[in-house]
Amino acid sequence: MITADILIRNADLVATCAGPGPRGGGDQKNISAIARGSVAGSNGRIVFVGAASACEDAVTLAPGATVIDGRGRTVVPGFVDPHTHLVFAGDRRDELRRRLGGATYAQIAADGGGILRTVTDTRAASEADLVTAALPRLAEMLAFGTTTAEVKSGYGLELDAELRMLRAIRTLGSAQPIELTATFMGAHEVPAEYRGRRGEYAQAVIEEMIPAVAREQLAEWCDVFCEDGVFTPDESRAILEAGKRHGLKARIHADELGSSGGAGVAADVGAHSADHLIFVDEPHARRMRDAGVVATLLPAAAFFLKLGRFAPARMLIDQEVPVALATDINPGGGFTTSMPFVMALACFGMNMTLEEALVGATLNAAASIDRTDSIGSLEVGKQFDAVVVGGGLSDLIRVGGPVISHVVKRGRLEFTL
Ligand SMILES: [Zn+2]
């Protein structure tokens with residue numbers, strides 16, 4: 001007999017999304033579902049996944065165990081959000097109003113808005129201010145089923161403020177249930193004091209910031225915004241290679257606003273993930289596939305920025321690139337904390353199937369942050385991170401409804417509707 005301290009019993013469906021991951025091409029739609037299933041855990045790990053009837057024979061409950069009735073419900077892995085900018089100071093919701101009135105991002109930036117406005121506010125904030133501002137965002141994410149998230153720096157754009165952001169991320173990781181992985185993104189934008197001297201700023205990122213971040217072991221990842229007018233492919237490559245020399249794994253903002261060469265840089269440096277990819281083409285998709293790069297797509301950003309188009313998810317899947325999904329939570333165009341909303345946009349904006357979107361939000365998202373050995377699917381031995389949907393699988397993308405009834409992180413019931 002297996003002893004469990006938590007059990008989700010007799011669910012209508014358990015979508016395990018079992019690995020190995022990531023899943024690309026025709027495999028992306030395989031969610032390894034079990035009808036009438038149960039999931040049991042002990043000490044934060046999964047000890048049983050399978051038919052409810054087999055669970056009754058195999059699993060005994062420890063005194064005081066948590067039991068969730070799965071009847072009429074669906075169980076999926078906890079969502080992994082592999083691209084967020086959820087630590088920042090200030091408030092730019094007025095810019096959303098301006099965009100609704102027809103203003104473009106360029107017009108708003110020219111009036112002192114945009115990312116550099118968040119940089120001014122973030123530089124003025126203490127580490128404690130940043131933590132306090134981010135906690136409600138993380139509480140929202142948890143209620144939407146996110147159990148692990150990547151978080152970037154990149155609103156400091158100077159050494160001390162970047163380190164302060166990364167320390168805030170570290171503090172947040174132990175202050176609430178969602179597990180966080182930190183990304184250093186000093187190359188998010190060129191700060192105003194370096195205007196016209198972009199190359200010098202890139203050198204400061206390489207020679208000053210990356211070594212300091214690595215010395216304090218504040219980040220697992222290094223990211224760069226490779227785009228016309230931000231960082232060139234050569235600068236992006238140099239920054240990501242410098243990060244790798246200091247033990248920071250590579251990820252990249254690529255081809256969001258044009259065909260800027262970011263997907264090629266991702267393949268060149270062996271990035272785990274290339275993100276956005278609205279303008280990626282087939283040859284670059286094949287290079288990503290051959291280099292083992294996950295495509296992390298952020299349709300909510302395209303939606304809120306009114307870009308008028310989404311990343312070519314179907315082409316990427318046809319080219320067997322594993323597709324992951326993320327929210328891109330940020331103060332400008334990232335006005336959602338909801339992975340289910342992102343999944344809905346993946347289905348209705350990018351023509352992914354519900355099953356492909358689910359794998360994109362779980363197993364492939366775990367691959368995007370190099371965590372397939374511990375999270376992203378419901379398998380014995382992995383962390384018990386699970387979401388219970390109050391209905392069928394398709395209820396998950398019933399946007400606006402309170403569809404998530406329970407969220408389990410490391411075997412603890414952390415959210416109940
Ligand atoms: Zn981003």
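Select helix 13, residues 339-350. Its buried residues are Met339, Pro340, Val342, Met343, Ala344, Leu345, Ala346, Cys347 and Met350. A residue is buried if 20 or more other C-beta atoms lie within 10 Å of its own, with C-beta atoms placed from the backbone. Here 9 of the 12 residues are buried, so helix 13 is largely enclosed by the rest of the structure. Helices (H or I, at least four residues) and strands (E, at least two) are DSSP runs, numbered from the N terminus. Next along the chain, click asparagine 351, which follows helix 13 and has a positive phi near 60 degrees.

A word on the model before moving on. It is predicted: local features need pLDDT of at least 70, side-chain atom pairs count only at pLDDT 80 or more, and totals for chains, interfaces and linings use all residues. Residues are numbered from 1 along each chain as its sequence is written.

**Stop two: the antiparallel strands**

Strands of a sheet pair through backbone hydrogen bonds, either parallel or antiparallel. Select strand 1 (residues 2-15) and strand 2 (residues 33-42), which run antiparallel and are joined by 7 bridges. Two strands count as paired if DSSP finds at least two bridges between them. Find valine 14; its bridge partner in strand 2 is isoleucine 34.

Now add strand 3, residues 45-51. Strand 2 pairs with strand 3 over 6 bridges, again in the antiparallel sense. Glycine 41 has isoleucine 46 of strand 3 as its bridge partner. These two strands form a hairpin with 2 residues between them. Click asparagine 43 in the turn: its phi is positive, about 50 degrees.

**Stop three: the open sheet**

Select strands 6 to 13. They form an open sheet of 8 strands, in the order 6-7-8-9-10-11-12-13, with parallel pairing. Strand 6 (79-81) and strand 13 (323-325) are at the edges, each with a single partner strand, so one side of each has no neighbour in the sheet. The twist averages 25 degrees from one strand to the next. Angles run from 0 to 180 degrees between N-to-C directions, and axes are lines fitted to C-alpha atoms, for helices over the stretch in contact.

Zoom in on strand 8 (residues 179-187) and strand 9 (residues 221-226), paired in the parallel sense over 3 bridges. Alanine 187 has valine 224 of strand 9 as its bridge partner.

Add helix 14, residues 354-361. It lies across strand 6 and strand 13, at about 75 degrees to strand 13.

**Stop four: helix 6 and helix 7**

Helix 6 lies across strand 7 (146-152) and strand 8, at about 175 degrees to strand 8. Select helix 6 (residues 159-175) with helix 7 (residues 198-215): they pack at an angle of about 30 degrees, axes 10 Å apart. That makes helix 6 roughly parallel to helix 7, a label for angles under 35 degrees. Which residues of helix 6 and helix 7 make the contact? Leu159, Glu162, Leu163 and Leu166 of helix 6 meet Glu208, Met209, Ala212 and Val213 of helix 7. In contact means that C-beta atoms, placed from the backbone, lie within 7 Å.

**Last stop: helix 8 and helix 9**

Select helix 8 (residues 233-245) and helix 9 (residues 262-269), which pack at an angle of about 30 degrees with axes 10 Å apart. Helix 8 is therefore roughly parallel to helix 9. Highlight the contact: Pro233, Ser236, Arg237, Leu240, Glu241 and Lys244 of helix 8, and Gly262, Gly264, Val265, Asp268 and Val269 of helix 9.

Terms used. Angles under 35 degrees count as roughly parallel, over 145 as roughly antiparallel, 65 to 115 as roughly perpendicular and the rest as oblique. Two residues are in contact if their C-beta atoms, placed from the backbone, lie within 7 Å.
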